[in-house]
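Here is a short walk through a structure you may not have met before. Have the sequence and the picture open side by side, and let's look at where the chains meet and at a few spots along one of them.

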Amino acid sequence: MIRSRFAPLAAGASAVILSALIAGCSSGATGATTASGDSSAIAQGGTIVYGHEQEPPCLYGGWLQQAYIDRNILDSLVTEANNGSIEPWLATSWTVSGNGLVYTFHLKPGVKFTDGTPLNAAAVAYNFNYWEKGGNSTAQVSMDPYYKSATAVNATTVQVTLNKPYLPLLTMISQAYFGIQSPTALKRSAAANCDDPVGSGAFTVKQWIHGQEVILVKNPDYTSWPATALHKGPAIVNEVDWKFLPDAVERYESLVTGETNVIYDVPTVDWSNAKANFQVTQYITPGKPVSIYLNTSEGIFTDARLRQAFAYGADREADVQAAFHGVIPYEGNPSVSRATPGYDAAVAGAYPYDPAKANQLLNEAGWTGRDAAGYRTKDGKELDVRFPYPAGSVVTSEGTSLLETLQQQWKQIGFNVQLIPETQAQTFAGAYSTPNSYDAQPWYWTSPSAAILWIVWRPSTKADPNYSNSSFYNNNQLSALIQEGNTAATTPAADQYYGQAQAIIQDQAAAVGLYDQTMSIAVAKNLHDVWLEKSQGEPVFEDAYFTK
Amino acid sequence: MSQVAEATVPVASRRPAARPSARTARLILVKIVSAILVLVAAASVTFFAQLLVPGSRAVAILNQQTGRAQLWTPAQLAPVNHEFGFDKPLIVQYLDYVGGLFRGNLGTSYTQYRPVTQVIGAELLPSLELTAASLVAAWVLAIAAILLTAKRGRFFSALGSTWEALTASLPTYWVGVVLLVVFAVEIRIFPVIGGTSAWGTVLPVLTLAIPLAGFLGQVTRDEFEKVLDQPFITTARTRGMGDTAVRLKHALRHSVLPAITLSGWAMGALISGAVIAENVYGRPGIGQVLVNAVNTRDVPTVSGIVLVVAGVYVIANLLVDIAYALVDPRLRAS
Amino acid sequence: MSSISFPRAGALARLGSLRIPVRPGTAVPLLIVLLVTVAAIAPGVLTHRSPTAIDIEHTLLPPSLSHPFGTDDAGRDLYTRVVYGARESLGIGLGATGLAMSIALLLGFIAGLAGGLVDVVINRILEVAFAFPVLLLALLLIAIYGPSLTTEIVAVGIGSAPGYARMVRGQVLNVRKAAYVEAAAALGHRRHAVVRRHLFPNAMRPLVAMITLGVGQSIVWASGLAFLGLGVAPPSPEWGALLDYGREYITTSWWLEIMPGLVIVLVALSVTALGRTLQHRLEGAAR
């Protein structure tokens, strides 16, 4: 008996029904809104359901995902305001010695950690030493080699001594990586500190249901809000359910149906819909933008002309605009993102799309042959570019689409760009981190100041390797300029040096700019005063409140 | 007919475990021992497979702690290597691990500092619930489709088998995303974030059950229709047994054997599919733990999960054997 | 059951003489499978565009006459990408199933024929293998060897093999006990002749449909792996990769997710339908 006669018919019918249902959704889902401007009566209490994306393995550490949570449970010494200035937090005031080597912080008296331990100068000094010894590798690398010691002068005065002047210090310690934890708590086991960091912040960790959510509850005895807080006092809401929803479709739709009140990272395709129905905030991450490291130590990119041809050879700006639907900005400056203090805008305009120039450079460099596929050759070798990229974790599917478009344009001038997606396993294993394993690789760094230049571009030596220098670009002149910037006495002076450093990196095309790392949140219309911290873009819930 | 059959079968063989003899006891012991061997073998294979992964575990651990991907200096790696025992010879590490297994200790997660039993434990239950519910739902859907449409005329037959073939060809997460958008976002019957609530489990269960029902249905339908052609069915009908009763009491029982065999395999497919469903619906479960653990080279956790999955299989196979015995009288006698 | 009869040996080899009538019910799946095969071997026949031809002016267009499946966010024609993706997707389907069946036949026949200790050992090996669902195997293999077409084929192949091996073994045991095999042995036919002429064809016949089902399932599985980021490298238009990519667009540009999905469903459906037709024909011929 032939049953399959109807198969295509039935399949077709199902398809039509499905498509109709889903095409009907294309008109855009409606958001769960309350009429704004109704009664602006502030509702006390309530629970914020926040749809975050990635769950970290521990709640405290050197990863951005941990900074997001820590900002709400730990306080830092100082905070960065939106205009870049440093404002008081746990430290109500501070002085810097004339030579820039000694920072004296005066702490707010009477502050306690949520486990009852007093937050005094000894506790702060303990934290500094804890970071330096590796308790937080991101904190550590931000302070090395400038940090010397931290001591408690009296109960409310702590002194931090440096080896060399370091102007970015205050900006760096405003990050949540430098959140002050209770020394009593830090002496617990690694497992306890992983699950339940203890600070003095507006919320405490009530429970962590792995794979699902972290439940934060209000700290009713909160007295140490930062100067940038939107209200004075403990948190208004009672609880924050920090949910982990890795799937972007689910995350956004949960906001649409009202099951969450805030979500992280609006998919760019839903951007206009989100802006129409929710309060959307985009945060451009300071630090190093997503730019392409070019391996200057081995392979084809040891020749600067090839690097420059690579930069001229694809229409990076137009492609970024198209790939991210205009939501994520193109960044021509490969070393510093536009949201970073010390960013040099003039540098960003270099290497506009110019295939003629690119071809000319390639010809000059001797790559004049062409093989059957159209790729350039020289002495029988093909112009191959091994291009691994961290798929999923750093480069989203739109980012992948962008790379594919660029790949096609590079092909036209003769580069054979081989895109190699790295799985997370390979990325964490450091699979493509040695000089013989790639020619080009995109990455970003978050950092609130241009001091990121030192972290990334410090020359790597045998005695003191710099594994963050993924272009393997050792330039002593560059190194000197960055150090001058770090140890400069005033910000304008520092910016001068930083600008020169950025110019060198761009002129030499040690890296090629792509786009700024961004994140965004979308907030339901009946939830107010959720804001993003300036230094790392962490969502802050201590001032948030619902209206009816 | 069945009453007649049961009357003639000796009472003792209706309850095979009624009088355990020494032979049965030894059989059970052998089964248990071989099950343990299988479990240890599975865990060992995983352990060594992970050691084959290029790169050093210490590097992966440090990278995971900072969200970075870089090399680390030997001075930075040494304390990590020491803390986790990576500087011991491989065979010692393996023996330590297996020794721990026999003491009931699955080891400690490299990234979460907690015992693996804790890491897996909390998330195992939701996955098992999802898998078990999906298997049951798949069976219900498959049997309903067969009972309603098999051998009821050309059109219904064709409809039924086409439906099965269609659903068996659906990729899991395609179903998941479509169901999510249609039934949770557009028509808001179910929540988008199901969590572990019963109502929120419906869509994930359907996501897994629908393709599996198609698969099981196809296999069973063939048998079902063959059985309906058998002489003893005609005999039952001529004795006045209604069509529904015939289908339910006789045909079904004889035709489900291949699908029962497949159910053992289906558990594995469901566990894999559960990862996808958990991801699409934000449900906690083993799936996400597994993917993370492999990505971060958390060897004890991956091995622990394999152990659990193998354990589930051993139990599932035991159940299948029992189901066989219950369903097929021919097997009971032997 | 029916009386003793000798099934015609080499039934598979006499396929040509079976004269399968081409009715609409067989014709449509056959046509679809032929189209997919053409797409895999000579995609240029079915489309004049290139799958990587970007066109920033015409991104995210819904289906139309000039773009039957619409375009994606780089302006690439989705229909063309689906056509070019057939090679890899079909390759995974055939490769994985071929690998799985080879392993399954080997283990299943040895276990079924040899019996005794060999059977017990092979059963234990299969149980260990069952502890590694396809996904886990894929994760481990890809962690070791990196994502690639080969790794996917091996992962899906090895992952599916134990299930098939069990079935093959079951079939071999069944047929072995069948009256006609005993009769053939009693008549003095040599052992390997019995295997070749009676056991093998009759054990395999019910599995023909399973094989085609397996091809469909492998294609579907590969798309699942792509969802978890374990798929092949871009800009490969492998169907699973297309599905994974189209997910975010489901509420705004639905064709990116629906069209590749429909193609996968139709192809898996057609392959399965053809397999069942084939099996019915073979069983009919065998009686």
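Contact here means heavy atoms within 4.5 Å. By that rule, 53 residues of chain A touch 52 residues of chain B. Keep in mind that this is a predicted model.

**Where chain A meets chain B**

Putting these two chains together buries about 4600 Å², and carbon and sulfur atoms give 64% of that area. How many salt bridges does the rule find across the interface of chain A and chain B? It finds 0. Polar contacts do turn up between chain A and chain B: there are 6 such residue pairs, both partners at pLDDT 80 or more. On the side of chain A that touches chain B, at least two residues each come from helix 1, helix 4, helix 7 (190-195), helix 8, helix 15 and strand 20 (440-446) of chain A. Helix 1 of chain A gives the most to that side, with 7 residues. Sorted by kind, the residues of this side of chain A are 27 nonpolar, 18 polar and 8 charged.

**Where chain A meets chain C**

Now turn to the other partner. Here 39 residues of chain A and 38 residues of chain C make the contact. About 3300 Å² is buried between chain A and chain C, with carbon and sulfur atoms giving 63%. The count of salt bridges between these two chains is 2. In a salt bridge between chain A and chain C, the side chains of D247(A) and R247(C) come together at 2.1 Å, N to O. There are also 4 residue pairs in polar contact between chain A and chain C, both at pLDDT 80 or more. Among the elements of chain A that give two or more residues to the side touching chain C are helix 1 (7-23), helix 8 (248-256), strand 19 (416-422) and helix 15 (424-428). Which helix of chain A gives the most to this side? That is helix 14 of chain A, with 9 residues. The residues on this side of chain A split into 18 nonpolar, 13 polar and 8 charged.

**Backbone spots in chain A**

Next come a few places to find along the backbone.

| Residue or bond | Backbone angle | Where in chain A |
|---|---|---|
| D144(A) to P145(A), cis peptide bond | omega near -15° | P145(A): loop between helix 4 (137-143) and strand 7 (147-154) |
| A509(A) | phi near 50° | loop between helix 18 (491-507) and strand 21 (511-515) |
| D529(A) | phi about 60° | loop between strand 23 (527-528) and strand 24 (531-532) |

Both phi values are positive, A509(A) being a residue other than glycine and D529(A) not being a glycine either. Is A509(A) buried or exposed? A509(A) counts as buried because its relative accessibility is 0%, and buried means under 20%. D529(A), at 32% relative accessibility, counts as partly exposed, a class that lies between that limit and 50%.

**A covered strand**

The loop that holds A509(A) leads to strand 21 of chain A. How many residues of strand 21 of chain A are buried? The count is 5 of its 5 residues, so strand 21 is mostly covered. Strand 21 also has a partner: 4 bridges join it to strand 14 (residues 287-294) of chain A, and the two run antiparallel. To see one of these pairings, find V290(A), whose bridge partner in strand 21 of chain A is Y515(A).

Note on methods. Residues numbered from 1 in each chain as written. Chains lettered and ligands numbered in written order. Predicted model: local features only at pLDDT ≥ 70, side-chain atom pairs only at ≥ 80, totals over all residues. Heavy atoms only, no water. Buried area = accessible area lost by both parts, 1.4 Å probe. Salt bridge = Lys/Arg side-chain N within 4 Å of Asp/Glu carboxyl O. Polar contact = N/O pair within 3.5 Å; in protein donor to acceptor, adjacent residues only side chain to side chain. Nonpolar A, V, L, I, M, F, W, Y, C, P; charged D, E, K, R; others polar. Buried < 20%, exposed > 50% of the residue type's maximum accessible area, 1.4 Å probe, protein only. Pairing = 2+ DSSP bridges.
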